[in-house]
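Please look through the sequence and the structure shown below before reading on. The paragraphs that follow begin with one pair of residues and widen from there.

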Amino acid sequence: MKKIKFRLAAYTDAAGKRNDNPPLYGNEDNFFVDADLSNEQQGNFSSDEERDLSDYGSLLVIADGMGGMNAGEVASEIAVRTVRECFAHEKLTKEIVAEAKSRERYMEHVVEEADAAIKAHARENKECEGMGSTLIMVWVCDGAASVTWCGDSRAYLFREPKGIVQISKDHSYVQSLVDDGKITDEEAFDHPYGNIITRSLGDPEKKAKADSRTISLYKGDIILVCSDGLSGVLRDRPLSDGTPAANLEEIIRSNRSSMQACRETLFAAAEQADWYDNVTAILYEITDGEDTPEQECNNNVTAVSKSFISIKINKKRLLYWIIALIVIAVLACGGFFGMKFLKEKEPATEKTEQSVDGNPEQTADETDPAASGTETSEQQPKSENMAQESHDTGGTPAPEPPADTDKTSRETVSPPVTVFGSPSEQDSLTTTKDSLKTAVDSLTVANDPLLNTENGLTETTDPKNDSSESEETLTQE
């Protein structure tokens, strides 16, 4: 990689908020530039001096004390002081400097440290209660610029032939309207609520949260870092309808020969645009380095930004897909083991049915005594039962039935029944069979003279009742 050379210029002015109170005269902005982080001496730079970029790179910082809050200049000063402390040479390790991601993480940590320091000072000093500040840092190192910000202070990249593009993205109410498609960028410029920000350092209700982004740098690129005192009065680029208006892009393009002259022209234009706030700006030009690739010439930083955001979105979507697949897998496993559990808990009757149907050697006679051709105790002829009862009680033996037809009718043998169907169907058939058998027995008893109650005998299973009725019959005879 070709060695990078650069030059820069930086300045702050109370501008539209100037008053007669020294030493700041109403300026609530603070900035810090360290052209060489490898050097133990901090804050050294000279305007328009061309220098080689060291291994640790350069640092550009702006903090804008919150307008409308108490002691805004104190808050911005604490923020810058915290940055200086965290970027002391002895605190920067090779691991921090090595990669863009590690540099971004470190600057986000610095934002958290500055936020905590401002809040701690406000708690200890009641007169500073409610103070706050924005903070933006640009770390140029290893052919790239890593940008970390909290609030609405901005970082831009000017690259020919495309012009100027905003690298940072405001943490503001108006920016949220642009994101939602409710207003355009041009409409956002002079929106009446442009001073409402959604993130800052020192906010007592929440912890400061920074965003970060890294872009590649090439020969001829110019970085502009500024407070909203400049971006709030000068548009980014010419209006789309061609209406003349002072803008950053045309001023930088027309004053590239000197960063100091370019800075002075920007301030003069802001004053003519009736500046109303403090103004701070840092310009940093890559005077030598790698040539801009052809694809980078044809695509501005906005395309790089979309690619950067797309990577984040794809990672988020990938996480959603992983979670969805895990949920589906869990549900599938639950369903599989649930079905297996239910099959193991089937009623024992179904297993019995399966054993009967599946065993060719097992017959219906082995499973249903009522289906066999043998007589049961309930199927014994009524005459035989009554003869036995008379013998036991000493009565006259009952005569045999006059014909075998009656006996046959009482001893009707059911044909073999093949077991089929479910257990409920088998129970239904058994109930029907028993009902038919009871009806046949009732008809036989009603037509048999020996079993009729007129002859002094009743159908009973109680020996005592049989004995008493037999004795009564003998007495009458």
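In this predicted model, L135 stands opposite C150, a residue of strand β6. These two residues belong to a longer pairing, in which strand β5 (residues 135-141) and strand β6 (residues 144-150) run in the antiparallel sense and are joined over seven bridges. Further along, V138 has V147 of β6 as its bridge partner. The two strands form a hairpin with two residues between them, and there D142 takes a positive phi near 55 degrees.

On its other side, β6 is joined to β9 by six bridges, and these two strands also run antiparallel; here the bridge partner of S146 is T214 in β9. How much of β6 is buried? Seven of its seven residues are buried, and the strand is mostly covered. The cover extends to both faces, since A144, S146, T148 and C150 are buried on one side, while A145, V147 and W149 are buried on the other.

From this hairpin the view can be widened to the whole sheet. Five strands make up an open sheet in the order β2-β4-β5-β6-β9, with antiparallel pairing. The edges are taken by β2 (29-34) and β9 (211-216), each of which has a single partner strand, so one side of each is left without a neighbour in the sheet. On average, and with direction ignored, neighbouring strands of this sheet are turned by 10 degrees against each other. Strands of a sheet in general pair through backbone hydrogen bonds, in either a parallel or an antiparallel arrangement.

Helices pack against these strands. Helix α1 (residues 72-86) packs on the sheet and touches β2, β4 (58-64) and β5, with its direction making about 15 degrees with that of β2. At 1.5 Å a residue, the 15 residues of α1 should span 21 Å, and the end C-alpha atoms of the helix are 21 Å apart, which agrees. Among the buried residues of α1 are G72, A75, S76, A79, V80 and V83. An α-helix has 3.6 residues a turn, so residues three or four places apart point the same way. The buried residues of α1 pack against β2, β4, α3 and β5. Helix α3 (residues 100-124), for its part, lies across β5, β6 and β9 and runs at about 25 degrees to β6.

The aromatic rings give another way to follow the model. In the whole structure, a search finds five aromatic pairs. In one of them, the rings of F6 and Y284 have their centres 4.7 Å apart and their planes at 15 degrees, so the pair is stacked. F6 lies in strand β1 (residues 5-13) and Y284 in strand β11 (residues 279-288), so this pair ties together parts that are 278 residues apart in sequence. Both F6 and Y284 are buried.

Another pair is formed by Y11 and F267, which meet edge-to-face, at 5.7 Å centre to centre and with 65 degrees between the planes. Y11 lies in strand β1 and F267 in helix α8 (residues 259-272), so the pair ties together parts that are 256 residues apart in sequence. Y11 is partly exposed, with a relative accessible area of 36%, whereas F267 is buried, with a relative accessible area of 6%. The ring of F267 has a further neighbour in R263, which lies over its face at 4.8 Å from the ring centre. Elsewhere, ring pairs link F87, Y106 and W139 into a cluster.

Terms used. Residues numbered from 1 in each chain as written. Predicted model: local features only at pLDDT ≥ 70, side-chain atom pairs only at ≥ 80, totals over all residues. Heavy atoms only, no water. Phe/Tyr/Trp six-rings, centres within 6.5 Å; stacked < 30°, edge-to-face > 60°. Helix = DSSP H or I, 4+ residues; strand = E, 2+ residues; numbered from the N terminus. Buried < 20%, exposed > 50% of the residue type's maximum accessible area, 1.4 Å probe, protein only. Lys NZ or Arg CZ within 6 Å of the ring centre and 35° of its normal. Pairing = 2+ DSSP bridges. Axes fitted to C-alpha atoms, helices over the stretch in contact; angles between N-to-C directions. Contact = heavy atoms within 4.5 Å. Expected span 1.5 Å × (residues − 1).
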